[in-house]
Amino acid sequence: MANFSPITPGVVTFESVGLRYDKSSEVLKDINFSLRAGSFHFLTGKSGAGKSSLLSMIYLAQRPTRGQVSVFGNNVGLTKRQDLPFIRRRIGVVFQDFRLINHLSAFDNVALPLRVNGTSEAVIKNHVTELLRWVELEDYMKYKPQSLSGGQQQRLAIARAVINRPELLVADEPTGNVDNAIAQKLMRLFVQLNKQGTTVVIATHSERLISEFNYPRLHLVDGKLRIIPASSSNSEENANV
Ligand SMILES: Nc1ncnc2c1ncn2[C@@H]1O[C@H](COP(=O)(O)OP(=O)(O)O)[C@@H](O)[C@H]1O
Ligand SMILES: [Mg+2]
């Protein structure tokens, strides 16, 4: 991939990033951070703070109005449009509104990323079934997303995002529709993926998850980003943001 940015040590780097919609004032202002490979961060801030907007720049759904975003060493502003899908494929995304494919079954929604990369059907059957069991959807594999509850759709969206073991996982309030026991379980899935090397960013409102899982926070207030290190004794390792 061309356009390697020499000042980019992280998997994701934002430099002086600003974002505005239409003629409104900037939703995000002067955002600077870098996510080290294998790091885990929460993204916090009240509703409307810009969490989803920031994540959408990470998964290349929109470009900053100013400044520079780099993902896997690619300066997004300089990357050719036709190259973006190759970067995008390395990122698992859990959308706040799920964006499941309604005409496909639960099984086929999760299988899709594997089919795109040419995995054999035998392997797909094993992996998808195992993951759907983990997210407690094994009895719903043939159901279409619309016939599932909000919490079930959310778990399905998470399964689809992680099935490929992406290098980077971006999840937008992925536990907003499930009870605390399931939220804990889903967090363990993210932690496990992270231990295998995936860089993780999770936008959340849940003070409970934030306090129970001691990871550094990217915190948005008034369009600006504050970085709050993890509070554990090994926070130095985590705080490399
Ligand atoms: N597509 C859009 N067009 C115009 N304004 C938007 C759009 N998306 C978000 N916004 C505005 O940007 C601000 C941040 O929104 P968002 O990123 O969704 O915040 P959060 O995810 O933290 O709730 C809000 O004021 C919201 O109304
Ligand atoms: Mg949001």
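These are my notebook entries on a sheet, a ligand site and a metal site in this structure.

**Entry 1, the model.** I am working from a predicted model, and I keep that in mind for every distance and area I write down below.

**Entry 2, the sheet.** I looked up the strand order first and found an open sheet of 4 strands, arranged β2-β1-β4-β5 with antiparallel pairing. The edges are formed by β2 and β5 (74–75), each of which pairs on one side only. As a reminder to myself, strands of a sheet pair through backbone hydrogen bonds, either parallel or antiparallel.

**Entry 3, strand β1.** I then followed β1 (residues 12–19) and asked how many of its residues are buried. The count is 6 of the 8, so the strand is largely enclosed by the rest of the structure. On one side, β1 is joined by 5 bridges to β2 (residues 28–35), and the two run antiparallel; within this pairing L19 stands opposite L28. Another 5 bridges join β1 to β4 (residues 66–71), again in antiparallel fashion. For this second pairing I noted V71 as the bridge partner of V12, and S70 as the residue opposite T13.

**Entry 4, ligand 1.** I listed the residues around ligand 1 and found Y21 and V27, together with K46, S47, G48, A49, G50, K51, S52 and S53. By character, this shell divides into 3 nonpolar, 5 polar and 2 charged residues. I then went through contacts to oxygen atoms of the ligand, beginning with K51, which places a backbone N or O atom 2.8 Å from one. For S52, an N or O atom in the side chain lies 2.9 Å from a ligand oxygen, while for S53 a polar side-chain atom is 2.5 Å from an oxygen atom of ligand 1. Ligand 1 exposes 560 Å² when taken alone, and the protein buries 56% of that.

**Entry 5, the magnesium ion.** Which residues coordinate the magnesium ion (ligand 2)? I found S52, through OG, and Q96, through OE1, at 2.1 to 2.5 Å. The two come from distant parts of the chain, 44 residues apart, with S52 in helix α1 (residues 51–58) and Q96 in the loop between β6 (91–94) and α3 (106–116). I also checked how accessible each residue is: S52 has a relative accessible area of 29% and is partly exposed, and Q96, at 40%, likewise counts as partly exposed.

**Entry 6, cross-check.** I marked S52 for a second look, since this residue is listed around ligand 1 and also coordinates the magnesium ion.

Definitions and conventions
Residues numbered from 1 in each chain as written. Chains lettered and ligands numbered in written order. Predicted model: local features only at pLDDT ≥ 70, side-chain atom pairs only at ≥ 80, totals over all residues. Heavy atoms only, no water. Buried < 20%, exposed > 50% of the residue type's maximum accessible area, 1.4 Å probe, protein only. Pairing = 2+ DSSP bridges. Near = heavy atom within 4 Å. Polar contact = N/O pair within 3.5 Å; in protein donor to acceptor, adjacent residues only side chain to side chain. Areas by Shrake-Rupley, 256 points an atom, 1.4 Å probe, with all protein chains shown as cover. Nonpolar A, V, L, I, M, F, W, Y, C, P; charged D, E, K, R; others polar. Donors = N, O, S within 2.8 Å, 3.2 Å for Na, K, Ca; no water.
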